[in-house]
Structure formats: structure tokens, C-alpha cells
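Reader: I am in my first year of study and would be grateful for a close look at one part of this protein, namely its surface.

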Amino acid sequence: KTFILLIKFTAQGTTSIKQSPARSEAFTKHLKSVGIKVKGLYWTFGRYDGVLIFDAPDEEAGHAAILALAHAGNVQTQTLRAYDRSGIESLLANLT
């Protein structure tokens, strides 16, 4: 299951912005330890401060990862559940 997270720093995250790379490394290691593969992690400028793309073995693991990230208090996220071509074709096949 692929997830795309749009990330905005909270006031706490902004205050400790210099630790952002180290926090992201620790979080990436945590995700790997629970079977989640980070496909991309980017700091951005504009409406969002970052983008995280990861593959989780199932919805529950993906949502648990998102909750763990939010729980730390440094970021707020907007989550997008992403589907590749075969995934969307499978969903569309069920339309009546």
C-alpha cells in the first residue's frame, strides 16, 4: 500500500528545524524496522514543508506510521493513499 504524506512543520518543528534531518533519519529507520519502505523523502518550499512517500505492507501499518509521526509533534500531515495503475484498474473494475 502506497502512501504520500504532505508535511507541514508545527511551531515545535519549526523551532527545532535544524534537527529535522536527524529526526527524519531516525523515523526512516523506525519505518524500516516495522516493514515499511520509504520511497522518497523531500523537504519542500511552498504550501508544504515536505513530502514523504512510503510503501506499507497493509493499511494498518501505514496508518500506524502516520500516527507515530504525528505523535512526535513536529509535523502535521495530509495523507494521500496512492494507487499504481494495476491498483486503480482493480478498483475501477468494481464500478457498476
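Reader: How much area does the protein chain expose, and what share of it do carbon and sulfur atoms supply?

Author: The model is a predicted one. In it, the protein chain exposes about 6,500 Å², and 58% of that area is supplied by carbon and sulfur atoms. Part of the nonpolar surface can be located by residue: Y83, I88, L91, L92 and L95 make a nonpolar patch of about 480 Å². One member of this patch, Y83, is found in the loop that links β4 (75–82) to α4 (85–93). Y83 has a relative accessible area of 43%, and therefore it counts as partly exposed, a class that lies between the limits of 20% and 50%.

The setting of this patch may now be described. The protein chain contains 4 helices and 4 strands, and, read from the N terminus, these elements follow the order β-α-α-β-β-α-β-α. Along the principal axes, the C-alpha atoms fill a box of roughly 50 × 30 × 20 Å. The protein chain has 96 residues, of which 30% count as buried. Among contacts with a separation of 6 or more, 63% are made by residues 24 or more positions apart in the protein chain.

Charge offers a further view. The protein chain carries 11 positive and 8 negative charges, and the mean position of the positive charges is 8 Å from that of the negative charges.

How values were computed. Residues are numbered from 1 along each chain as its sequence is written. This is a predicted model: local features need pLDDT of at least 70, side-chain atom pairs count only at pLDDT 80 or more; totals for chains, interfaces and linings use all residues. Side-chain values use heavy atoms; hydrogens and water are left out. Helices (H or I, at least four residues) and strands (E, at least two) are DSSP runs, numbered from the N terminus. Buried means under 20% relative accessible area, exposed over 50%, partly exposed in between (1.4 Å probe, protein chains only). Contact means heavy atoms within 4.5 Å. Accessible areas come from the Shrake-Rupley method with a 1.4 Å probe; for residues, only the protein chains shown count as cover. Lys and Arg count as positive and Asp and Glu as negative; His and the chain ends are not counted. The place of a charge is taken as NZ of Lys, CZ of Arg, CG of Asp or CD of Glu. Patches are made of residues with over 30% relative accessible area and no salt bridge: like charges are joined within 9 Å, nonpolar side chains (Val, Leu, Ile, Met, Phe, Trp, Tyr) within 5 Å. A salt bridge is a side-chain nitrogen of Lys or Arg within 4 Å of a carboxyl oxygen of Asp or Glu.
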